[in-house]
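Student: Please take one part of this model and look at it closely, then follow it outward to whatever else deserves attention. I would like the cut-offs stated as you go.

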Amino acid sequence: MNSAVTLTQNQLSTFLLNVAVVRPVFIWGPPGIGKSSLVQRFATEVGLTCVSLLGSQLAPEDLIGVPQIVDGTSVFCPPRSIARKEPYCLFLDELNACSHEVMKAFYSLIHERRIAEYEMPPGSIVVGAGNRSQDSSIVRPMPAALLNRLVHVHVRVSHRDWLEWAYGSGIHPWVIEYVTTRPDHLWSQPPKHEEPFSTPRSWHMLSDALNEYGERITEQELEILAFGCLTPHHAGQFKAFVKQTRSQFRLGAILKGDMRWPDRPEDRDILYFLSQSFRAQLAKELSPERNAMSSHQKDLAIRAKGLLTELASISLELAQMVVSPPDEGDPLPDWFLVEVMRDLPRLAAKRS
């Protein structure tokens, strides 16, 4: 399912507080962006216990229960995890990954908060979540009857929301600083083949491992961890970033003129990372309109062309990469590219 309207993690929390308390909600989103954590946090905020069921691992009898003979008639006994006396939040994770028979079993539970002879206590809440078919996940089409029993909402990754959470959650400083520098690397589209990919969850896993290793982590161990958690491109960039951090190279100092581009052959990976970060910062800070620039932006544009000249003297390939259309992230303003073509024809001739 696709939607033209999406919510960030913080916006979703507000949405659940206003909607999920009166109607069942289904949260759509790619894997690893924190859907489960958001529902658990929501349940805590409304003072309810969160009971999670994983749809992909359920059979119909796991919901309906097994029959028992009571006074000569059969009575279905639902599982203890569901049959509670106090109100609670029932979280149906991976609901669209379960079989159609299990989906049918959910109909009355979602619509009427009832299954067989058991009724959820008043004040109970039902929230579902699932991945999308375009995320290379195991999903099944949701029957129209079930689809129509839910309020649907789509959640997207927000680096601002994630960083706000990360600062108070013990996330490793390297991870926080890297995502602050390259927010476009917080999440990547799931690949069609089997390899790690970047998500808030995978960055959290990397952070946990870095915290466990501490300062003693070697470059080889860092490489193994990064490539075991992140998209290969992001892993290589993160490794270079840590090496840059340890060697004290800083893009801010280079922009101010307090430090020059690293030019040693052994620092090629650092130079590549700094070049990528340079392009990302220009795309972020330069105004799309030449006439709307502040004095700071004008100074940055002038300084940027000087730095491109210096970078080209070390690596024409990396200087050209800075001004080329990016594979991901925002492009540089057109007016700036026109000035580069005019003032730095050596780079312009190399642009694809």
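Strand 5 and its surroundings

Tutor: Strand 5 (residues 88–93) is mostly covered, since 6 of its 6 residues are buried, where buried means under 20% relative accessible area, exposed over 50% and partly exposed in between, with a 1.4 Å probe and protein chains only. The model is a predicted one, so local features need pLDDT of at least 70 and side-chain atom pairs count only at pLDDT 80 or more, while totals for chains, interfaces and linings use all residues. Residues are numbered from 1 along each chain as its sequence is written, and side-chain values use heavy atoms, with hydrogens and water left out. Helices (H or I, at least four residues) and strands (E, at least two) are DSSP runs numbered from the N terminus.

In a regular strand the side chains alternate between the two faces of the sheet. Here both faces are covered: Tyr88, Leu90 and Leu92 are buried on one side, and Cys89, Phe91 and Asp93 are buried on the other. Strand 5 pairs in the parallel sense with strand 2 (residues 49–54) over 6 bridges, a pairing being called when DSSP finds at least two bridges between two strands. Within that pairing, Thr49 stands opposite Tyr88 of strand 5. Strand 5 also runs parallel to strand 8 (residues 125–130), to which 5 bridges join it, and there Leu92 stands opposite Gly128.

The residue that follows in the chain, Glu94, is in the loop between strand 5 and helix 4 (100–111). Glu94 has a positive phi of about 55° although it is not a glycine, and at 27% relative accessibility Glu94 counts as partly exposed. Another positive phi outside glycine, near 55°, belongs to Arg113, placed in the loop between helix 4 and strand 6 (114–115). Arg113, by contrast with a partly exposed residue, counts as buried at 18% relative accessibility.

Asp93 leads to a charged residue elsewhere in the chain. Lys35, in helix 2 (residues 35–45), is buried yet has no salt bridge, and Asp93 is its nearest side chain of opposite charge, 6.2 Å away. For this purpose Lys and Arg count as positive and Asp and Glu as negative, while His and the chain ends are not counted; a salt bridge needs a side-chain nitrogen of Lys or Arg within 4 Å of a carboxyl oxygen of Asp or Glu. What Lys35 does have is a polar contact of 3.1 Å between its side chain and that of Asn131, a polar contact being a pair of N or O atoms within 3.5 Å in which, within protein, one must be able to donate a hydrogen and the other to accept it, with residues adjacent in sequence counting only if both atoms are side-chain atoms. Not counting residues up to four places away in sequence, Lys35 touches a set that includes Trp28, Ala129, Gly130, Asn131 and Val155, contact meaning heavy atoms within 4.5 Å.

Side chains of opposite charge can pair when their charged atoms come close. The structure holds 13 salt bridges. One of them joins Lys239 and Glu219 at 4.0 Å, N to O; Lys239 lies in helix 10 (residues 232–247) and Glu219 in helix 9 (residues 219–229), so the pair ties together parts that are 20 residues apart in sequence. Lys239 is buried at 18% relative accessible area, whereas Glu219 is partly exposed at 41%. Between Asp267 and Arg264 the salt bridge is 2.9 Å, N to O, with Asp267 buried at 4% and Arg264 partly exposed at 46%.

Glu339 forms a salt bridge with Arg290, their closest N and O atoms being 2.8 Å apart. That pair links distant parts of the chain, 49 residues apart, with Glu339 in helix 15 and Arg290 in the loop between helix 12 and helix 13. Salt bridges that share partners join Arg290, Lys305, Glu339, Arg342 and Asp343 into one network.

Finally, the largest nonpolar core has 32 residues, and those with the most contacts inside it are Trp261, Phe278, Leu282, Leu308 and Phe336. Helix 12 (268–285), helix 13 (295–314) and helix 15 (334–343) are among the elements that give it two or more residues, and helix 13 provides the largest share, 7 residues. Such a core is a set of buried Ala, Val, Leu, Ile, Met, Phe, Trp, Tyr and Cys residues joined through side-chain atoms within 4.5 Å. Leaving aside neighbours within four places in sequence, the contacts of Trp261 include Leu251, Leu271, Phe278, Leu307 and Ile314.
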